[in-house]
Amino acid sequence: MMTVAVTAISSPLLLHSQGPNRQLLQWKRNEKRRLPTKVAGSGVITAGFELKPPPYSLDALEPHMSRETLDYHWGKHYRTYIENLNKQIVGTDLDALSLEEVVLLSYNRGNMLPAFNNAAQAWNHEFFWESIQPGGGGKPTGELLRLIERDFGSFEEFLERFKSAAASNFGSGWTWLAYKANRLEVANAVNPLPKEEDKKLVIVKTPNAVNPLVWDYSPLLTIDTWEHAYYLDFENRRAEYINTFMEKLVSWETVNTRLEAAMVRATQREQEGTYTEEEANPDDEEPEVYLDSDIDVSEVD
Amino acid sequence: MAIRCVASRKTLAGLKETSSRLIGFRGIQTFTLPDLPYDYGALEPAISGEIMQIHHQKHHQTYVTNYNNALEQLDQAVSKGGTSAVVKLQSAIKFNGGGHVNHSIFWKNLAPVKEGGGEPPKGSLGSAIDTHFGSLEGLVKKMSAEGAAVQGSGWVWLGLDKELKKLVVDTTANQDPLVTKGGSLVPLVGIDVWEHAYYLQYKNVRPEYLKNVWKVINWKYASEIYEKECN
């Protein structure tokens, strides 16, 4: 069976992402690879990311986030990112990769390729729908709460800082809670001797489409502060939207699950020491990729 | 000789004749929201009255308020010699001051149809546009395309490069004024492409907003600025 891995594609970008600092993909195992098998009437193969519906119906978040907002936010904005991304990458090296891989490759160390905006926005929005739920809000528990208290002093202190960050993120962007492992406080430097205390929860503000995946952080929670996320429900009152988000929408359960996965990943990477050429696959399940025999895909050597 | 800042600010707070005035013994200027030269609903159907009201009374007012606050904090930081504090305030000043500058221009860039909104520019600006862009349609097409392509929040501008004596089309991010793209650039027409400028009416379809906004662009104002700068 053919396996397709990031290193298989011979593009100059890839050389940068190899070596000890190469980022291990976080969501690959849970995300099915897209199957480039849709055939349009003309016989042309079209690859495509599909729209991922939120894990609740579009009116389930009322009255805190209206159905109308989700009709536009999910049904128009997000849909457009996916559709435009598909058009951009079909037939290119970025085709047949997972969404996260496209984001990381097109970020291109800050010198973004055209596909980055659409790919990252698609990823960000999917992450956002899953960060909230009907009947959300309340307080985190367990290990998540312990780390919040360790790294921010208290839950209230965290809340204050997170809300303030989201409110002061000028222009369009996102505010994140992320788990940061192995990185030093200086730009891209990797911690050579990581300890438990070095792994921290951080609040990050990003502009436009940027997300913390590109710095090898593990995102845990995000709030979309582009105006389209709140304008129909709150007009210019972003602070009110942020309050509602934290009090009524945030899914601490999801954040907790993501934290657990992030911690496991961080431990795994430490144990491995050096990074392998191909992504480690402990269960030895090869990713299932069914390819048309007509398609010419570079094989891993 | 020192006038108590607090007292004088409060007494003058109700007055709105000028858009800036000197207050306090330090001479800090306080800025106020300029009035619109037309009713909120006067630009319909191109831009809804609802948008105009929120845009002016909420968004622009917030920039003015926050700009004033930032200036006050800056004044204190400067007088105390606190360099870190001064530097820390720069982004708030750029953002809110820029927001005030840009929106003040924007309201003048717009006019109701019955007051000349949408009427093509004549005179020297009209000829300059034809020279540089082929035709007004050519300029409109270019600005609309660049405005639609702005990622996130920002503005699309028609500017005059005073030094090179030519018209330019450019975009700025967030609330950066046109001058941040070049010290000799004078803004003639700016179009706000932040989502708040069109969302309630056009939703995600920014190109539709850009198509319609030209119907209320006040070319008379742009011509005045152009002629003034060229002489």
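Below is a friendly set of questions and replies about a predicted model with chains A and B.

Me: How are the residues and chains labelled, and what pLDDT do local features need?
Reply: Residues are numbered from 1 along each chain as its sequence is written, while chains are lettered from A and ligands numbered from 1 in the order in which they are written. Side-chain values use heavy atoms, with hydrogens and water left out, and in this predicted model totals for chains, interfaces and linings use all residues, side-chain atom pairs count only at pLDDT 80 or more, and local features need pLDDT of at least 70.

Me: How many helices and strands are there in chain B?
Reply: Helices (H or I, at least four residues) and strands (E, at least two) are DSSP runs, numbered from the N terminus. From that end, the elements of chain B run α-β-β-α-α-α-α-α-β-β-β-α-α-α. The count is 9 helices and 5 strands.

Me: What share of the residues in chain B is buried?
Reply: Let's fix the word first: buried means under 20% relative accessible area, exposed over 50%, and partly exposed in between (1.4 Å probe, protein chains only). Chain B has 231 residues, and the buried share of them is 51%.

Me: Which domain does UniProt place at residues 49-132 of chain A?
Reply: UniProt positions are given here in the numbering used for this model, feature names are shortened, and annotations may be inferred rather than shown by experiment. In the model, this span is 58% helix and 0% strand, and its end C-alpha atoms lie 22 Å apart. The unreviewed UniProt entry gives the name "domain: Manganese/iron superoxide dismutase N-terminal".

Me: Which residues of chain A does UniProt list for "domain: Manganese/iron superoxide dismutase C-terminal"?
Reply: Two stretches are listed in the unreviewed entry. Residues 195-258 are 36% helix and 23% strand in the model, with end C-alpha atoms 20 Å apart. The full listing in UniProt is residues 140-190 and 195-258.

Me: How far apart are the end C-alpha atoms of helix H9 of chain A?
Reply: Helix H9(A) covers residues 252-272, which is 21 residues. The expected span is 1.5 Å times one less than the number of residues. That gives an expected 30 Å, which agrees with the distance between the end C-alpha atoms, 30 Å.

Me: Within what arc do the buried residues of H9(A) fall?
Reply: The buried residues are Trp252(A), Val255(A), Arg258(A), Leu259(A), Ala262(A), Arg265(A), Ala266(A) and Arg269(A). Seen down the axis, they line one face of the helix, because the directions from the axis to their C-beta atoms fall within an arc of 140°.

Me: Which exposed residues does H9(A) carry on the face turned away from its buried side?
Reply: An α-helix has 3.6 residues a turn, so residues three or four places apart point the same way. On H9(A), the face turned away from the buried side carries Glu253(A) and Gln271(A).

Me: Which residue forms a salt bridge with Glu130(A)?
Reply: A salt bridge is a side-chain nitrogen of Lys or Arg within 4 Å of a carboxyl oxygen of Asp or Glu. For Glu130(A), the closest N and O atoms of the pair are 3.6 Å apart. Glu130(A) lies in helix H4 and its partner in the loop between strand E2 and helix H2 of chain A, so the pair ties together parts that are 78 residues apart in sequence. The partner is Lys52(A).

Me: By how many residues are Asp71(A) and Arg67(A) separated in helix H2 of chain A?
Reply: Their side chains meet in a salt bridge (3.2 Å, N to O). Asp71(A) is partly exposed at 30% relative accessibility, and Arg67(A) is partly exposed at 37%. They are separated by about one helical turn, being apart by 4 residues.

Me: How many residues of chain A are in contact with chain B?
Reply: Contact means heavy atoms within 4.5 Å. On the chain B side, 18 residues take part, and on the chain A side the number is 16.

Me: Which three residues of chain B supply 31% of the area that chain B buries against chain A?
Reply: Buried area is the accessible area (1.4 Å probe) that two parts lose on being put together, summed over both. Between chain B and chain A it is about 1700 Å², with 56% from carbon and sulfur atoms. The three residues are Glu195(B), Tyr199(B) and Asn204(B).

Me: Is Tyr231(A) buried or exposed?
Reply: Tyr231(A) lies in helix H7 of chain A. It touches residues of chain B including Ile54(B), His59(B) and Tyr199(B). At 1% relative accessibility, Tyr231(A) counts as buried.
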